[in-house]
Amino acid sequence: MSASLAGKVAVVTGGTRGLGNAIARLYGSEGARVVIASRSATAVSDAVGAMRRDGIDAAGQACDVSVRDAVDRLRQLALDTYGRLDIWVNNAGLSGVFGPTVDVAPEQFEAVVGTNVLGTYHGTISALEVMVPQGSGHIVNLMGRGDKNPVPFQTAYAASKTWIRAFTLAVAKENEHTGVHVHALNPGLVQTDMLSGVDALAGTEDMLSRLPLINTMWGLPPEQAALPALSLVLSTKVEHQALGFPQILGRTLAYQARRLLGRAPELQPLVIRIVEGRHTRQHG
Ligand SMILES: NC(=O)c1ccc[n+]([C@@H]2O[C@H](COP(=O)([O-])OP(=O)(O)OC[C@H]3O[C@@H](n4cnc5c(N)ncnc54)[C@H](OP(=O)(O)O)[C@@H]3O)[C@@H](O)[C@H]2O)c1
């Protein structure tokens, strides 16, 4: 086993499942000691237990990243348990409710802003407070759909990713001479709970009908999508967009070739959960 992260300590928020868990496991398999968190204490203890059974030195605690003090307590767990902090991944994310912005309830919108925007801010400054004085460290912030362009009907999520990109690139510049490297990663489509279960307002189901095909053609399993999160923390590269035109073209052609040969993979699952929005609640 190579050990490119031997001796390093990494915190991964939202590390209990999906992409965050794959990143935590990848770092662990590269020799890092890993601290994970999510809002659910049970999910944290299950994921930590599973990683330890696989030989990864891991710890974790429940932490809602929208709460600054909780994020500082997570940092303290890493420092108390392992005595140092080298990598911090702001991965925890919510996709929110799909639908017209005017109909999304304020608390649904705010939940996305709290996790994606404030969570990334909290994690970044919590990590910088340790890393700047020590003169080293890597922070990875997860971008996503909408980080460079507007996305109708998913404005809380997409605009939060625009914000994350702008924030991360700016903080990276601020830290050019501190020894701390701040990275922005868009992992492309990842086959996780986020894409297989979508909260949506009634009447928007048709707009989501192509998601299983798109996710099947262009999506990657979390283990594969996690790989750039390792390359980034071994580099000084600031931004990485994993799904560009060449990947889309290549994966579309590969999928169509398999389909023609009668070997198309099963479509990725999608459950659309219809939730009540602002107007349904007011007038429904
Ligand atoms: N899936 C994709 O196609 C895709 C594409 C581009 C970017 N991304 C980004 O990649 C990241 C991970 O996505 P994913 O697909 O792995 O999502 P996921 O499967 O839904 O997992 C999200 C993780 O974040 C945790 N979480 C959510 N809100 C939290 C909060 N307030 N505080 C702490 N933890 C919280 C969840 O645990 P709890 O629910 O227990 O808190 C879970 O561990 C996100 O930032 C997402 O935007 C994903």
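In the predicted model, H240 of strand β9 is the bridge partner of L185. The two strands concerned, β7 and β9 (residues 239-241), pair in the parallel sense over three bridges. L185 belongs to the face of β7 that also carries H181 and H183, and these residues are buried. The opposite face of β7 is formed by V180, V182, A184 and N186, which are buried as well. Because seven of the seven residues of β7 (residues 180-186) are buried, the strand is largely enclosed by the rest of the structure.

Strand β7 also pairs with β6 (residues 137-142), to which it is joined in parallel by six bridges. Within this pairing, V180 of β7 is the bridge partner of G137. The connection from β6 to β7 passes through helix α5 (residues 155-174), and the resulting β-α-β crossover is right-handed. A further pair of opposing residues is N141 and A184, the latter in β7. A184 lies on the face of β7 that includes V180, whereas N141 lies on the face of β6 that includes G137.

Strand β6 is covered on both faces. One side presents G137, I139 and N141, the other H138, V140 and L142, and each of these residues is buried. With six of its six residues buried, β6 is therefore largely enclosed by the rest of the structure. In addition to its pairing with β7, which is parallel, β6 is joined to strand β4 (residues 87-90) by four bridges, and β4 and β6 likewise run parallel. In this second pairing, W88 stands opposite I139 of β6.

The loop between β6 and α5 contains F153. Most residues other than glycine have a negative phi. F153 is not a glycine, yet its phi is positive, at about 70°. Because 18 other C-beta atoms lie within 10 Å, fewer than the 20 required for a buried residue, F153 is classed as partly exposed.

Three strands form an open sheet in the order β5-β8-β10, with parallel pairing. Its edge strands are β5 (97-98) and β10 (271-275), each of which pairs on one side only. The contact between β5 and β8 (residues 197-201) consists of two bridges in the parallel sense. One residue pair in this arrangement is F98 and A200, where A200 is the bridge partner in β8.

Q108 is located in helix α4. With 20 other C-beta atoms within 10 Å, Q108 is buried, because 20 is the number at which a residue counts as such. Apart from neighbours within four places in sequence, Q108 is in contact with G96 and V97. V97 falls within the residue range of the edge strand β5. T204 is 96 residues from Q108 along the chain, and the C-alpha atoms of Q108 and T204 are separated by 16 Å.

Helix α4 (106-134) also takes part in the surroundings of the ligand: α1 (18-29), α4 and α6 (193-196) each supply at least two residues of the shell. There are 31 residues around the ligand, of which G14, G18, S38, G93 and G144 come nearest. G18 falls within the range of helix α1. By residue class, the shell comprises 13 nonpolar, 14 polar and four charged residues.

At the level of the whole chain, eleven helices and ten strands are present. A compact globule of 284 residues would have a radius of gyration near 19 Å, and the value for the chain is 19 Å, so the chain agrees with that expectation. Along the principal axes, the C-alpha atoms fill a box of roughly 50 × 50 × 40 Å. Buried residues make up 43% of the 284 residues of the chain. Among contacts with a separation of 6 or more, 72% involve residues 24 or more positions apart.

Key. Residues are numbered from 1 along each chain as its sequence is written. This is a predicted model: local features need pLDDT of at least 70, side-chain atom pairs count only at pLDDT 80 or more; totals for chains, interfaces and linings use all residues. Two strands pair if DSSP finds at least two bridges between them. A residue is near a molecule or strand if its C-beta atom, placed from the backbone, lies within 6 Å of it. Ala, Val, Leu, Ile, Met, Phe, Trp, Tyr, Cys and Pro count as nonpolar, Asp, Glu, Lys and Arg as charged, and the others, Gly among them, as polar. The radius of gyration is taken over C-alpha atoms; the globule rule is 2.2 Å times the number of residues to the power 0.38. A residue is buried if 20 or more other C-beta atoms lie within 10 Å of its own, exposed if 12 or fewer, and partly exposed in between; C-beta atoms are placed from the backbone. Two residues are in contact if their C-beta atoms, placed from the backbone, lie within 7 Å. A crossover is right-handed if, with the strands pointing away from the viewer, the path from the first strand over the helix to the second runs clockwise.
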